[in-house]
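Colleague: Could you take me through one part of this model in detail, going from residue to residue and keeping to what the coordinates themselves support?

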Amino acid sequence: MSPSSPPPPSLPGSTSQAATGATGASPQSVDLTNWFLDAKRSLASVALCARANSLVDSARGALQEAAIISSKCLFLRNALQDQLLVAIKVNRMMHSVREASKSDFEKIVADLDNADARLNQTLGVLRKSVVDPAFNPPSNPEGEESTPTATRPRTLHDFVDDEGIENLKSRLRHLIDQVQESHDALLTSLTEFDGDISELDTAVNNLTEFATNNAQGGRITSESISPQIHALEEQAGAMAGLLEALTQHYDRCCEALKQSEPTTNHNQEGGMMGMAESMSPEEKQEMYRVLEKDALEVDDVVNELKERYNEMENIQSHVLGQLEELNMLRHNTYATFALFEQFQTNLGSYVERMREFETQQEGYARGMEDRLDELWQLGEFYEGFISAYDAMVIEVGRRKGVSVRTENIIRDAMKKLQVLYDDDLADREAFKEEQGHLLPVDIWPGVTDPPIRYSVVKDTNGATELPGISKEVIEQALARQQQQGKGGM
């Protein structure tokens, strides 16, 4: 009956022989009866065809469900991938902000180190710069404790406000610590952000891999299930054709049995003609050959129906397996979506921390710039102090020169005044001798007065004596000032 199923090598002879021995009927009648019974039993395969149609209907329902799941998962996965890209951009931006802030911080710390090194170098020079003993204050009165400078030579560093410098450096260290703490806090936040990005990226990649690869390496979508549905439909159609062939064979067996009954029986039941009267011997022989041929194929057709149904069950199982995988994909997609929803809360926290960080850095930068200016100004001040000390030594030399010139002028003036005094006194004595006896005493009592004597009195006006700076010390100060004018310290 089916060209794809070869006929078996022999008839089921045991059944035919048993029937012949029991009834004594002709061999053809026995064969027809056996073929009829086999054909009737084969029609039980109709249940397989019904179940096969149910498999097709179930698979079509699975196809519709798969299409819905696949489209939803694809939409959500694309949306999550877009969100992930945005999150990655935000993450990179935040890292860039931190790197830029870190670079600015390192630059200002380098500037602070330079300013501090300059100040320390200047303070080192001050420690080595001994104040000339001529500038030392007078010894302490009895009963007063000696100061450190009374037991060791004073240096220019003794006039430095160490407490003020240390206070400034302490404020700078505190600011640096605050900046470092804010950077560490942001780094912790970014590390958490990086972990979230990695987790989300892994989740999305897992979705992509799960959605694009199954056990056979193909993509699990409604499109991948459709060919299997077509295969089921083809198998169901083939089974229907086989069942129809079995039905036709059964019908022919029934008809052959009716026509093989005795003529008298037919006349009694309905006046039908017997086989001898309805068919020629050749026709009866041809019908027998056809029935015999079909009867030999009944078992093969039934087996083929079973095989096709089993194949349909395998296909159905595979379809349901793929549907189950799609359901797992849906579950994983929803779980990943929930992960992204939780990340949205974390993202708000990360952005808020970044804003707080930027606000803090602005304040810290202003504070560090101010402290940096103070540090540079201190360095410049104490550098100027060194130069001012040399200028003071030179000033002492200048004042000494003025004092020397003043004393020279006074000495010269006193000599000239003395000459004028002596000349005036001599002239007065000569006048007194020549004219004094002729003048009454009361005409001018002052006629006999001596000359007025002039003297120069030093008026310190509260000033102290000039320090006894040696010429060598003054010359060294001049040399240092000349060197500084050329660009040296």
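Modeller: Helices here are DSSP runs of H or I with at least four residues, numbered from the N terminus, and on that basis N461 sits in the loop between helix 9 and helix 10, the latter covering residues 471–485. Please keep in mind throughout that this is a predicted model. Most residues other than glycine have a negative phi. N461, although it is not a glycine, has a positive phi of about 55 degrees. With a relative accessible area of 71%, N461 is exposed, because anything over 50% counts as such.

The two helices on either side of that loop also meet each other. Two packed helices are described by the angle between their axes and the distance between the axes. The axes of helix 9 and helix 10 come within 9 Å and cross at roughly 135 degrees, which makes helix 9 oblique to helix 10. The crossing in which helix 9 passes helix 10 is left-handed. On the side of helix 9 the contact is made by S387, D390, A391, V393, I394 and G397, while helix 10 brings V473, I474, A477, L478, R480, Q481 and Q484. Sorted by character, the residues of this contact are seven nonpolar, four polar and two charged.

Helix 9 also takes part in the largest nonpolar core, which holds 44 residues, and among these F193, M239, L305, M312 and F343 touch the most other members. Two or more residues each come from helix 3 (46–128), helix 5 (162–212), helix 6 (222–260) and helix 9 (281–435), and helix 9 gives the most, with 17 residues. Leaving aside residues up to four places away in sequence, M312 touches A52, L55, V56, L232, Q235, A236 and M239. Apart from this core lies another, of 30 residues, which includes F105, L112, L156 and V393; V393 is also one of the helix 9 residues in the contact with helix 10.

A polar side chain deserves a separate word. N91 has its place in helix 3 and, at 9% relative accessibility, counts as buried, because the limit for that class is under 20%. Again leaving aside residues up to four places away in sequence, N91 touches L190, F193, D194 and I197, and F193 is one of the core residues that touch the most other members.

Technical notes. Residues numbered from 1 in each chain as written. Predicted model: local features only at pLDDT ≥ 70, side-chain atom pairs only at ≥ 80, totals over all residues. Heavy atoms only, no water. Core = buried A, V, L, I, M, F, W, Y, C linked by side-chain atoms within 4.5 Å. Buried < 20%, exposed > 50% of the residue type's maximum accessible area, 1.4 Å probe, protein only. Contact = heavy atoms within 4.5 Å. Axes fitted to C-alpha atoms, helices over the stretch in contact; angles between N-to-C directions. Parallel < 35°, antiparallel > 145°, perpendicular 65-115°, else oblique. Left-handed = near helix turned anticlockwise from the far one by under 90°. Nonpolar A, V, L, I, M, F, W, Y, C, P; charged D, E, K, R; others polar.
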